[in-house]
Each structure stands twice: as C-alpha cells, then as structure tokens.
Amino acid sequence: MTQRAEGRSGQGIVVRLYVAIVVLAGVMGFVLGSIRPENLQPRLFGVLALPPTPLGVAIYGLVTVGVGLGALLALVMYVSARFDDAAAN
Amino acid sequence: MVAGDIVLTGLMAVLLVGIAALLTRIENWRSYTPLAGGGTATGETVVHREKPAGIIRWLTTVDHKDIGLLYGLYAIIAFAVGGIMAFLIRVQLVTPAGAILSNNAYNSILTSHGITMLFLFGTPIIAAFANYFIPLLIGADDMAFPRINAIAFWVLPPAALLIWAGFFLAPVTDNMIEPARTAWTMYTPLSVEQTNPGVDLMLLGLHLSGVGATMGAINFIATIFTERDGDVDWANLDIFSWTMLTQSALILFAFPLLGSALVMLLMDRNLQTTFFAVEGGGPLLWQHLFWFFGHPEVYILVLPPMGLVSLILPKFSGRKLFGFKFVVYSTLAIGVLSFGVWAHHMFSTGMDPRLRASFMAVSLAIAIPSAVKTFNWITTMWNGRLRLTTPMLFCIGFVSNFIIGGVTGVFLAAVPVDLILHDTYYVVGHFHYIVMGAIGFAAFAGIYYWFPVFTGRMYQRTLGKAHFWLSMVGTNLTFFAMLALGYLGMPRRYATYQFDGAIAPLVQVTTFHQLATVGAVILLVGQLIFVWNIVQSWLEGPKVEDGDPWNLERDGMLDREFEWFDEQLEADEHERDPSLLADGGQDEQTDS
C-alpha cells in the first residue's frame, strides 16, 4: 500500500501552491478588470492608484495577494525554523 | 361498502399478525447490544455472537459503527438529491429567461437544495464519521447511549420525507400541498403568508432533524466525557474528538432555539399568534432568532471538518500537527465567538449602527482563530514530507478553498462592503467556497482516508484523484464565477434575470452564469466518478490485508482506529472471534 516511500518536500509544494494562488489572483484581477464593475478604482495598499484596466487590476491582485500571503509564508518559515520541535529534517 | 371495510380490516389484521410474527423471530434484538453495561442489569452476562441477518440488522442495530454507516448512506443520498437540485438551478440560469423551470419550481428547488445540503447532508455526514470513529479513537466500547443514538438516526428519514413532502404530494393532491418556497432562511412575513401546507410539513421536518441532532450531540458529549479509555486523557484526546465536543456544545445551545423559533412560526401560520407579525414581535424578530441559531450552525458544520483535516493532513505530512494546543484553543475560541456574530447577516435591515459596529468587530475577530488553524496546517506541511494520496489532496484542497472562502468572508464582515454586496451572488460564492470547497472536501478526505477501515477494501486511486481534480476545478470555476456575478450586481435567488445596461451588460452576466454552469457540470461528473468508485470498490476492490494501509506506523502516527482495524484483521485470520467484531473497545476481548 506504499504510495511513495519518502514523499515529496512539503516546502516545495507549499511554495508552488503560493505561486499558483498568486498567479490565480492575477488572473482573477484580469477578469474583474475586464468586466469593469461599477466604480472600480483599485488602490494598491489604499495609496497608489492603479488604472481600472485588466492589466491594472491584475497587478493589483498579484501584488496584494503576493504580499499578503507572502507575509504569512514568511511567518511560517520563521516559526518553522525556530519553534518546530517535530521538524522532520 | 361494508364488504370493502371488512376486507380492509382483514388485510390490516393479516399485516399486524405478520409484523408480530416478524418481531418474534428477532427475539434477541435487545440483547445483542454490544454495551459494556447491556447484560449487567440482570446480573448475568449475555453474549450474542451474531447480529441479526439481513435488513433486520440495520433496522434494529444500536452498534455505533452500523449507525455510522446508516448516517453515511443517508448523507450520500441527500447529497445526491441536493446535488441534482443544484444542477437544475444551474441549468435554469444558463439563459436570462430561465432554461427549464417555472419560477415556482425554481423557488421550490432553491429552497430544498439549501435545506437538504445543510440539514440532511452536512450534519449527518459529520455524524457518520463521529459515530463510527469517535468510540474507536477514544477507546470506548460504544456510544454512551446506544439506543438514543439509534433514535437520533431514525428520526432523520421521516424528517427528510417531511422536508421533501411537497414534491411528492403536489401531483397527488392536485397542487393543494406544494413544496415550500421560502428559501432556507424562511424569512417572515413571506413564510407566514405562504398558505401552502407544504411549508408546515417542511417546518415539522426541520424540527425533527433538529431533535435528532440534539440527541446526537448529547450522546457525543456524554461519550467523550465518560467513555474514554483509561489512557486517553484531555491532553492526548485526538483533534477530531475535540472538534466534535465543541460542535456538540454548539448544537446543544443552537438547535433548541431553532426548534422554538420553528414552533413560533408554525403557531403564527396556523394559530394566528403574532410572534413575527408587525403588531407583535415584528418580522425582524425571526431574523434575530433564526441567525442566533444560523450562524453557530455554520461552525457546527465546519468545525468537525476542520478536525478531520487536522487529523488527516499530518498523517500524510509524516509529522505531528504543528501547534496542536493552539488548534484546540482556536476551536474553542471559534465555538464561543460563533454566538456573538449573528447580526452580521442583518447589516442591511436598518438596525442600530452601534450594534452593527459591535457585530462587525466580533465577526472580524473570528478571522483570528481561523487564521491560526490555517497557519498551523501550512506549517505542518512546510517541514513535512508530503504523500499526495487522495485524502491528502482533498485536505490541501480544503485549505486552499477555505482561504478563499474565509478571505471573501472577511470583506463581508465589514459593514460598508456588506451593504454593497449583500444579497448578491458574491455572498453565494463566498459561502459555497466554505460549504462545498471546504466542508465537502473534508468529508471526501475522511471517506477516502477511512475507506479501508469501514469496507476492508481499498478504493481505486486513479478514480479518487480524478474525483479530486474535477471537484477542485469545478468548485473554483462555479464559485469564482459567482463572486464575479456578485461584483456585477446579480442578486441572489432569482429564477430569471434582466439587467440595465448601465449597471452591467446582460451578455456579461449571462456569460458568467454559463461559466458557473460549466463548473457545475464538471462537479457533477466528478461526483458520479466518486459514487462509482465507492460502490464498485466496496463490492470488488482489493482486500486490505495490512492493518496499516497508509504506512503510518513508520512515522509513529498510527491512531487507535487503525490499531482496532488491525485487531479485526487478525481476528479474521484466527477464525473470526466474533466478540471482537461487535466492539471497538479493549475490555470486550477480556470479557468474553
């Protein structure tokens, strides 16, 4: 019943998931920019105004989600390196 | 006429004699109970080595594992019914004028879809896992009250029949009794003013399902508190049992309130009381009562799936759950906070702005324990070696979808955003990411993970993975399209749609509806594969001969349910010692 004796690196998979989600956020931004809901005015971190075009909203999605989840990922890395007694490696 | 009556009476007598004869054939139904205390009341130990055969076994069983399987079967049937309803809804919305259903039929199906999925699939599928596995995980002989356990299950089939009664009765009563069209929230005054008796039947069915859930919750609390094996204490109680304990407490506080509110609604409808009338308590009273139950209900449905993921995800990461204690604390925190957020469903009702602000604050606060859990799952994976089995894929899918469902929910918790997006498809997309993308996925993870235990066989891995990927793609396509529809201003619950071009071009709205329907088709194909896989593998799959089918012992992560499973397999080898088959606990082996 062994699927894969040693398994894959968790770090690799988590990083790939991160990249996939950030790219997906960009795609979703592009879609939202294309459909142009009413009063769409993306402001990066509430400060930097971006154009309400597909590209502008895509950048908004990429940067916002990239930084937000990136901060969470950095925290995961920090905590894992210092406080994880049960680390496998 | 008189002759007809006599014939009928005769038939009735034959039927009763037949039932009596049947009952005498199963005279042992009382005593095969695998209860530690079952035989001690009379001072003698009665051990019955076989369960009754055939259908009688399932109708009379009080074995927690059998009841777990009954719950599972019930939930899967309800999932199929609710899923077909969802599919009809999606097909209807392919064209702006509605493709297949009349407006009334659409409203009926919309109402039943919600109630079916939440009350007849969501709660029972959790009870299925909990019934089968909690006694095994905590080393109990059975549930604390096995007969109450059986009653709690057996009130559910009549509950489902009552809830769906309108669909069956409309054709035979010449539409005198029709399915309810109140939406699952049953808002007054609409639900009071619909004179259709189908609404009363649905309310009674809901009430009955609530009674069952409450009995089950009492049983789980008593079991986890009093039936643990000697070496299972609060410090090493597994995470799934912790979430079930919290969930059961929530049920205990939430469901009786739903029951009371339902009775009040029934009285308003039938006895001319004015609980929810303008001259009485007012229509908003219903919303307060309903959501005081309704929001904890969300956590009643999501906490045990979180427990399943917290239990399964570490197994395939090759390491223990990171920050176990904090996952337990966050479960308890969510349980407490869940009772302080109900009015965020009512921000647009014109309630006092100061109240709105306080409910907004608590709603935002609930993101913290949720984020703690997500953080712990990701950290568990970070330093692990992952084996991407089907249950693990569903766990990772759960985490991804939960993040999307959670983040979209945080925005809805903010009053200004909510006022814009309230009652649009954004809300529908948000909560479906949670109920399908997260709760549904965790249920699938549990089914695949424990499949060897409850069937003794292994599922087909390729089909399992196909099920995952189709579900993942289908879920994200359908529910992202709904989020986009919400941004475009598409309101919920409508059977048809027309748009002022100044708000959004109709063609764009139609396109997103069609995308959502394509996603629903993908989901449907995935679920057909799932059912095929489960049924075929159960009947013909390769038999599991190793008590550790997932190789968990290597990482020191073999839980008690798999140890029990191993004992079963060994018992099978040694000419089936039936005392082992009847029971999950250790005591029984020494007793018999």
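This briefing describes the fold of chain A and the contact between chain A and chain B. The structure is a predicted model, in which chain A holds two helices and three strands, arranged along the sequence in the pattern β-α-β-β-α.

**Chain A: fold and packing**

- Chain A has 89 residues, of which 20% are buried.
- Among the contacts in chain A with a separation of 6 or more, 55% are between residues that stand 24 or more positions apart.

**Chain A: annotated spans**

- According to an unreviewed UniProt entry, the annotation "transmembrane region" applies to residues 12-35 and to residues 55-79 of chain A.
- In the model, residues 12-35 of chain A are 100% helix and 0% strand, with 35 Å between the C-alpha atoms at the two ends.
- Residues 55-79 of chain A are likewise 100% helix and 0% strand, and their end C-alpha atoms lie 35 Å apart.

**Contact between chains A and B**

- Chain A and chain B each bring 28 residues to the contact.
- On the side of chain B that touches chain A, at least two residues come from each of helix 14 (367-382), strand 1 (385-386) and helix 18 (461-487), and helix 14 of chain B gives the most, with five residues.
- By residue class, this side of chain B comprises 14 nonpolar, nine polar and five charged residues.

**Strand pairing across the chains**

- Strand 1 of chain A, which spans residues 8-9, pairs with strand 1 of chain B in the antiparallel sense over two bridges.
- Within this pairing, Arg8(A) has Leu386(B), in strand 1 of chain B, as its bridge partner.

Terms used. Residues numbered from 1 in each chain as written. Chains lettered and ligands numbered in written order. Predicted model: local features only at pLDDT ≥ 70, side-chain atom pairs only at ≥ 80, totals over all residues. Helix = DSSP H or I, 4+ residues; strand = E, 2+ residues; numbered from the N terminus. Buried ≥ 20, exposed ≤ 12 C-beta atoms within 10 Å, placed from the backbone. Contact = placed C-beta atoms within 7 Å. UniProt positions renumbered as here; feature names shortened; annotations may be inferred. Nonpolar A, V, L, I, M, F, W, Y, C, P; charged D, E, K, R; others polar. Pairing = 2+ DSSP bridges.
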